[in-house]
Amino acid sequence: MLPAVPSLPGHAGGPGHAGGPNPETYARSSASRLAAAVRGGQLDAAAVVEAALAAAAAQQARLNAFITITSDLARERAAESAAGRRGPLAGVPVVIKDNLCVAGARTTAGSRLLETFAPPYSATVVERLLDAGAIPIAKANMDEFGMGSTNENSAFGPVLNPHSSAHVAGGSSGGSAAAVAAGVVPLALGSDTGGSVRLPAAFCGVVGFKPTYGSLSRYGLIAYASSLDQVGILAREVGDLRLAFEVMSGVDPRDATSFGEREALGAADGHEATAGDAPERQWRVGVIDELSGEGISRASLAALERAEEVLRAAGVEVVRVSLASVRHAVAAYYLIATAEASSNLARYDGTSYGARVAADAAEGQEAVMTRTRGESFGPEVRRRILMGSFALSAGYYDAYYGRALKVRRLVAAELNRALGEVDALLSPTATGSAYRLGEKLADPVSMYVGDVATCLANLAGLPAISLPAGEDDAGLPVGVQLMGAVNADKELLALATHFEAAQASMSSRG
């Protein structure tokens with residue numbers, strides 16, 4: 001078991017003095033409380049960053065959660081914060097998944113092919129975090145190009161679960177989830193193509209949020225499957241997710257799929273979310289029948305039952321909802337995702353940037369491309385490129401990819417109809433708790449099936465959030481998922497805040 005998260009210590013004595021705030025405990029507080037202490041002068045951003053870097057180094061040896069620790073960048077940003085930079089995330093250390101570009105910092109997407117790539121620009125979401133005062137301290141380990149549900153497909157080794165080193169952290173944003181769960185940072189960015197933020201959040205016992213498709217810019221996110229990819233957020237508390245979402249959301253002229261108004265951010269815009277932030281209303285939540293029976297572990301079903309009890313105790317009406325198309329969702333998702341991946345990853349050809357595996361000059365460009373891709377891509381990436389290329393090939397396009405697109409429309413239509421009757425849909429996040437290391441490597445199809453609940457939101461572009469909901473018999477976390485209507489992100493976060501507060505209240509009563 002990880003230690004409970006205490007509140008930020010009192011500030012008597014001034015920054016760094018005995019009896020004052022201890023920067024080493026900052027990560028066990030919320031991002032909003034930490035930022036308030038930095039803005040108020042009770043905490044020094046440089047001291048917080050040094051504590052974060054020390055924690056990152058210690059946890060790296062235990063969990064392998066990071067690919068690069070960005071010490072120089074973090075110290076530079078901390079110095080700017082000390083010189084007067086303020087914002088709603090002032091001085092908050094964050095971890096960035098290694099498929100999100102950070103200018104000048106190595107960005108590998110978990111692949112040997114990009115092992116030395118350092119982009120000259122930052123992703124829009126990273127720029128907006130920096131503008132709000134956040135300080136990136138590390139690039140998180142991840143499944144190569146986001147392909148995997150266990151974070152064992154990284155060229156830099158697997159990420160271990162902070163609750164048990166014999167189990168996976170979940171993928172593909174496992175490094176980000178492990179960093180938050182282990183107390184290195186209170187906030188981290190990931191990406192979510194079919195559940196890659198929510199699955200590791202559930203496995204590591206933290207909160208993971210995938211917003212509506214387009215609400216966060218994808219500019220600077222290394223693409224896996226463009227119509228499914230979405231930047232996501234991991235944190236310990238829903239309030240921190242909401243704060244980070246507000247900071248990063250809004251239209252970006254560099255991303256044609258983005259939408260929404262940019263909110264003006266002042267120095268004191270950070271605030272703690274409480275149950276009182278949710279508007280007074282009668283919530284109605286639908287439990288998905290097809291995700292509450294066969295194929296779901298006993299621990300996940302027990303977590304679902306507890307979540308229903310919490311919601312009812314909080315005054316939420318809980319009803320049953322049937323979604324017949326759920327049984328087709330995983331097949332449609334993997335056909336679409338691999339088809340898009342085969343196209344997106346065609347750019348890594350050994351000629352423009354990234355690794356180049358030398359070949360005899362007389363063999364020509366084709367030999368260079370073949371050797372570069374064959375030797376630099378890992379086995380899971382090669383498998384998915386082959387699957388996608390087959391689905392798009394002449395004679396098979398209509399039978400596979402075209403049919404998957406029709407199923408996608410069916411799934412989206414059914415979800416949207418259901419969400420016309422309820423405020424959110426409830427299900428387990430995963431089919432069970434974290435897998436043992438190596439358990440899924442020999443049978444990747446069983447790993448794919450684990451995305452059955454999470455891939456729904458990606459197929460339909462819906463917002464969804466995973467919330468901690470107890471443990472299995474071995475003490476490993478399990479989570480539940482709430483999924484909302486398109487562009488109802490703030491309403492979904494308000495419901496999640498309501499659930500979080502009600503669950504804490506029930507726990508305190510024993």
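I began with residues 267-271, where pLDDT (the predictor's confidence in each residue, from 0 to 100) stays under 50. The model has 15 contacts beyond four places in sequence for residues 267-271, a contact being heavy atoms within 4.5 Å.

I noted that this is a predicted model, where local features need pLDDT of at least 70, side-chain atom pairs count only at pLDDT 80 or more, and totals for chains, interfaces and linings use all residues. Residues are numbered from 1 along each chain as its sequence is written, and side-chain values use heavy atoms, with hydrogens and water left out.

I looked up residues 1-20 as well: pLDDT stays under 50 there too, with 40 contacts beyond four places in sequence. The protein chain averages a pLDDT of 90, and 89% of the residues score at least 70.

Next I looked up the nonpolar cores. A nonpolar core is a set of buried Ala, Val, Leu, Ile, Met, Phe, Trp, Tyr and Cys residues joined through side-chain atoms within 4.5 Å; buried means under 20% relative accessible area (1.4 Å probe, protein chains only). The largest has 96 residues, and Leu89, Ile137 and Ile465 have the most contacts inside it. Apart from it lies another core of 51 residues, including Val326 and Leu419.

I then checked Ile137. Not counting residues up to four places away in sequence, Ile137 touches Ala52, Leu53, Pro93 and Val184, among others.

Last, I sorted the lining of the second largest pocket by class: 10 nonpolar, 2 polar and 4 charged residues. Here Ala, Val, Leu, Ile, Met, Phe, Trp, Tyr, Cys and Pro count as nonpolar, Asp, Glu, Lys and Arg as charged, and the others, Gly among them, as polar. A pocket is an open set of points on a 1 Å grid over the protein atoms alone, where a 1.4 Å probe fits, with protein on both sides within 12 Å along at least five of seven lines; lining residues have an atom within 4 Å of a point.

How values were computed:
Buried means under 20% relative accessible area, exposed over 50%, partly exposed in between (1.4 Å probe, protein chains only).
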